[in-house]
Amino acid sequence: MAYTFNHLDLIQEVLRKSPFGLITDVDGTISQTAPTPQAARVSPLCRRYLSILSSHLALVAAISGRPTAQVRNMVGVDGMVYIGNHGLERWAENHAGLSNSAHDYSRAIKSVVEELTPLRSIEGISIENKGVTVTIHYRLSPEPKVAEREILSAVAASAQARSLRIIKGKMAIDLLPSMEVHKGTAMLGLIQEYNLHGGIYLGDDLTDIDAFRAMHTANRSPTFRGFTIGILSSEMPERLVAEVDFTLNGVSDVERFLRWMSQNVPQPN
Ligand SMILES: [Mg+2]
């Protein structure tokens, strides 16, 4: 496993490329995991360094499974680009806009939430309707393994839910439209839009794997070089480590890394 702080020379090389973009996940990456999504807060140090970086870099973006308006309120750094609902929704000019094809899914998501409603009577399970995606949380369950099984069997029993993309995350199950839009396509879109020559992606969970893989795709271009960094925690799915270039140990290490970046970002002449 390659620990980020043992390879700062390589990262420094990428950081010199211009235009450069820093793209980060939110929960579990710049925000400690909390008992409920509402209780999570972005680390004030991360916010401070992201704000410094956004005034020096071509792009600083946050991509999250949360709805975009929520991501923007949570991170709260002006000048950053916010993408929510796993890439389906983007914050632009003071309002959240859906990618065109995502619109069709909001009705289906509503009926999925209705079909899965019986799950709400199980202790510790909550269903979050995010418009074009659904997250079923079980962090508060006294028996998480049992809760996970109950959720998966309810999903399997619902024709509507079954047809969605099912992603098992940390103490949560995400149901996403089965279209090819995810954190990876969102990141590739940003690389193209900002004509990036260098980039770093930070993430901690299974939905970030799409972005990790997309970074490898982007690296096939001779004009682009990017790294992926996985944030380790006791809850981190093992599969994740195999997908990243480097690792950091928890949100406190992300704070240190963003501080290092803000001190080492090339200054404009
Ligand atoms: Mg996360």
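This is a short tutorial dialogue on reading a predicted model of one protein chain.

User: I'm new to this one. How many helices and strands does the protein chain have?

Analyst: Keep in mind that you're looking at a predicted model. The protein chain has nine helices and 12 strands.

User: And what are its overall dimensions along the principal axes?

Analyst: The C-alpha trace spans about 60 × 35 × 30 Å along those axes. You can also check the radius of gyration: a compact globule of 269 residues would come out near 18 Å, and the protein chain has 18 Å, so the two agree.

User: How much of the chain is buried?

Analyst: Buried residues make up 44% of the 269 residues. Contacts give another view: among those with a separation of 6 or more, 63% are between residues 24 or more positions apart.

User: Which domains does the assignment give?

Analyst: Domain 1 takes in 1-20 + 198-206 + 218-250, domain 2 is 59-98, and domain 3 is 102-176. The C-alpha centres of domain 1 and domain 3 lie 30 Å apart.

User: Let's try a sheet. What is the strand order in the open sheet of four strands?

Analyst: First the general idea: strands of a sheet pair through backbone hydrogen bonds, either parallel or antiparallel. Here the order is β6-β7-β9-β8, and the pairing is antiparallel. β6 (126-129) and β8 stand at the edges with a single partner strand each, so one side of each has no neighbour in the sheet. From one strand to the next, the twist averages 15°.

User: How many bridges join β7 to β9?

Analyst: Four bridges join β7 (residues 134-137) to β9, and the two strands run antiparallel. As an example to find on screen, isoleucine 136 has isoleucine 173 in β9 as its bridge partner.

User: What about the other neighbour, β8: in which sense does it pair with β9?

Analyst: β8 (residues 165-168) pairs with β9 in the antiparallel sense, over four bridges. Two partnerships to look for are isoleucine 167 with aspartate 174 and lysine 168 with isoleucine 173. β8 and β9 also form a hairpin with three residues between them. In that turn, methionine 171 has a positive phi of about 55°.

User: Is β9 mostly covered or mostly open?

Analyst: A general point helps here: in a regular strand the side chains alternate between the two faces of the sheet. That's a reason to look at each face in turn. Strand β9 (residues 172-176) is mostly covered, with five of its five residues buried. On one side you'll find Ala172, Asp174 and Leu176, on the other Ile173 and Leu175, and they are all buried.

User: Lysine 170 is close by in the numbering. Where does lysine 170 lie, and is it buried or partly exposed?

Analyst: Lysine 170 sits in the loop between β8 and β9. Lysine 170 is partly exposed, because 17 other C-beta atoms lie within 10 Å, and being buried takes 20 or more. Leaving aside neighbours within four places in sequence, lysine 170 is in contact with Gly28, Thr33, Asp205 and Glu235.

User: Which residues in the loop between β3 and β4 should I look at?

Analyst: Try asparagine 85 and histidine 86. Asparagine 85 lies in the loop between β3 (81-84) and β4 (89-92), and histidine 86 is in that loop too. Neither is a glycine, yet asparagine 85 has a positive phi of about 50° and histidine 86 has one of about 60°. Asparagine 85 counts as buried because it has 30 C-beta neighbours inside 10 Å. Histidine 86 counts as buried as well, with 29.

User: Where is there a cis peptide bond?

Analyst: Look at the bond joining serine 18 and proline 19, where omega is about 0°. Proline 19 lies in the loop between α1 (8-15) and β1 (20-24).

User: One last residue: what does valine 251 touch?

Analyst: Valine 251 is in helix α9 (residues 250-264). Not counting residues up to four places away in sequence, valine 251 touches Ile30, Ser31, Gln32 and Ser43. The C-alpha atoms of valine 251 and glutamine 32 are separated by 6.3 Å, although the two residues are 219 apart along the chain. Valine 251 is buried, with 21 other C-beta atoms within 10 Å.

Key: Residues numbered from 1 in each chain as written. Predicted model: local features only at pLDDT ≥ 70, side-chain atom pairs only at ≥ 80, totals over all residues. Rg over C-alpha atoms; globule rule 2.2 N^0.38 Å. Buried ≥ 20, exposed ≤ 12 C-beta atoms within 10 Å, placed from the backbone. Contact = placed C-beta atoms within 7 Å. Pairing = 2+ DSSP bridges. Domains from an automatic or database assignment. Axes fitted to C-alpha atoms, helices over the stretch in contact; angles between N-to-C directions.
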